[in-house]
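Trainee: Before I rely on the descriptive words in a structural annotation, I would like to see how each of them is justified. Could we go through some of them together?

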Amino acid sequence: MELSEHDRRELQLLEEGLWRAETRFDRAWMERILAPGFFEFGRSGRIYSREDTLGIAARPIEAKIEDSSVRLLSPDIAQVTYTSVETYEGEEQVANRCSLWSRTEDGWHLLFHQATPVPD
């Protein structure tokens with residue numbers, strides 16, 4: 001079972017879109033990509049529902065994605081893993097991240113996301 005280069009690139013672009021303010025805070029874009037049952041275990045340990053995620057207030061985002069990897073878990077489920085390096089008020093926060101994406105007739109939809117802090 002192999003992921004096509006087209007799907008690999010699309011998933012990377014979708015994941016990067018979660019880190020760009022112009023897409024992350026575009027409610028229509030987020031509603032399109034978040035699966036109906038989406039939820040997230042945030043870096044803080046908090047659990048975010050789909051509605052929580054859609055309701056997050058816009059803010060500047062300063063982040064890098066490193067060591068990104070995409071793999072197919074089943075014909076229509078893909079996993080994206082990476083390390084995020086975010087800067088908040090001059091302080092760097094590093095987390096290991098994992099997203100599960102489902103392929104549907106409408107394209108890829110984000111089912112689940114988890115962030116785990118990386119200790120200093």
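Mentor: What follows is a set of questions about this predicted model, each answered by setting a value against its criterion.

Trainee: Why is His113 called buried?

Mentor: His113 has a relative accessible area of 6%, and because buried means under 20%, the residue qualifies. His113 is placed in strand β6, which covers residues 107-117.

Trainee: Which residues does His113 touch, if those up to four places away in sequence are not counted?

Mentor: They are Glu15, Phe38, Phe39, Glu40, Phe41, Tyr82, Arg97, Cys98 and Ser99, where a contact requires heavy atoms within 4.5 Å.

Trainee: What makes the pair formed by the side chain of His113 and the backbone oxygen of Cys98 a polar contact?

Mentor: A polar atom of the His113 side chain lies 3.4 Å from that backbone oxygen of Cys98, and since the cut-off is 3.5 Å, the distance falls within it.

Trainee: How do you know that β6 is paired with other strands, and in which sense does it run relative to β1 and to β5?

Mentor: Two strands pair if there are at least two bridges between them, so the counts decide the matter. Strands β1 and β6 are joined by 4 bridges and run parallel, with Phe39 having Phe112 in β6 as its bridge partner. Strands β5 and β6 are joined by 10 bridges and run antiparallel; here Thr104 has Gly107 in β6 as its partner, and the two strands form a hairpin with 2 residues between them.

Trainee: What makes β3 and β4 a pair, and how are they connected?

Mentor: Strand β3, residues 63-74, pairs with β4 in the antiparallel sense over 9 bridges, and as the criterion asks for at least two, it is met. Among the bridge partners are Ser74 with Ile77 in β4 and Arg71 with Gln79 in β4. The two strands form a hairpin, with 2 residues between them.

Trainee: Within β3, why is Ala63 described as partly exposed while Asp67 is described as exposed?

Mentor: Ala63, placed in β3, has a relative accessible area of 33%, whereas Asp67, also in β3, stands at 65%. Because exposed means over 50% and partly exposed lies between that limit and the 20% below which a residue is buried, the two values receive separate labels. Asp67 also has a phi near 55°, a positive value in a residue other than glycine.

Trainee: Which residues does Ala63 contact, its neighbours within four places in sequence left aside?

Mentor: Ala63 is in contact with Trp19, Val85 and Glu86. As for separation along the chain, Ala63 and Ser84 are 21 residues apart, yet their C-alpha atoms are separated by 6.7 Å.

Trainee: Why does Thr87 count as partly exposed?

Mentor: Thr87, which lies in β4, has a relative accessibility of 26%, and because that value is neither under 20% nor over 50%, the intermediate term applies. Apart from neighbours within four places in sequence, Thr87 is in contact with Glu62 and Glu92, and Glu92 in β5 is the residue that Thr87 stands opposite. By contrast, the C-alpha atoms of Thr87 and Glu40, 47 residues apart along the chain, are separated by 20 Å.

Trainee: How do you know that β4 and β5 pair, and what is noted about Glu89 in their hairpin?

Mentor: Strands β4 and β5 pair in the antiparallel sense over 12 bridges, and since at least two are needed, the pairing holds. In their hairpin, which has 2 residues between the strands, Glu89 takes a positive phi near 50°.

Trainee: What lines the largest pocket, and what is its volume?

Mentor: The volume of the largest pocket is about 550 Å³. Its lining consists of 25 residues, of which Glu40, Arg59, Glu86, Tyr88 and Arg97 lie nearest the centre. The elements that give two or more residues to this lining are β1, β4, β5 and β6.

Trainee: How do the lining residues of the largest pocket divide into nonpolar, polar and charged?

Mentor: The lining of the largest pocket has 13 nonpolar, 5 polar and 7 charged residues. Glu and Arg count as charged and Tyr as nonpolar, so of the residues nearest the pocket centre, Glu40, Arg59, Glu86 and Arg97 are charged, while Tyr88 is nonpolar.

Note on methods
Residues are numbered from 1 along each chain as its sequence is written. This is a predicted model: local features need pLDDT of at least 70, side-chain atom pairs count only at pLDDT 80 or more; totals for chains, interfaces and linings use all residues. Side-chain values use heavy atoms; hydrogens and water are left out. Buried means under 20% relative accessible area, exposed over 50%, partly exposed in between (1.4 Å probe, protein chains only). A polar contact is a pair of N or O atoms within 3.5 Å; within protein, one must be able to donate a hydrogen and the other to accept it, and residues adjacent in sequence count only if both atoms are side-chain atoms. On a 1 Å grid over the protein atoms alone, a cavity is a set of points where a 1.4 Å probe fits but cannot get out, and a pocket is an open set with protein on both sides within 12 Å along at least five of seven lines; lining residues have an atom within 4 Å of a point. Grid points are joined across faces, edges and corners, and a volume is the space filled by probe spheres set on the points.
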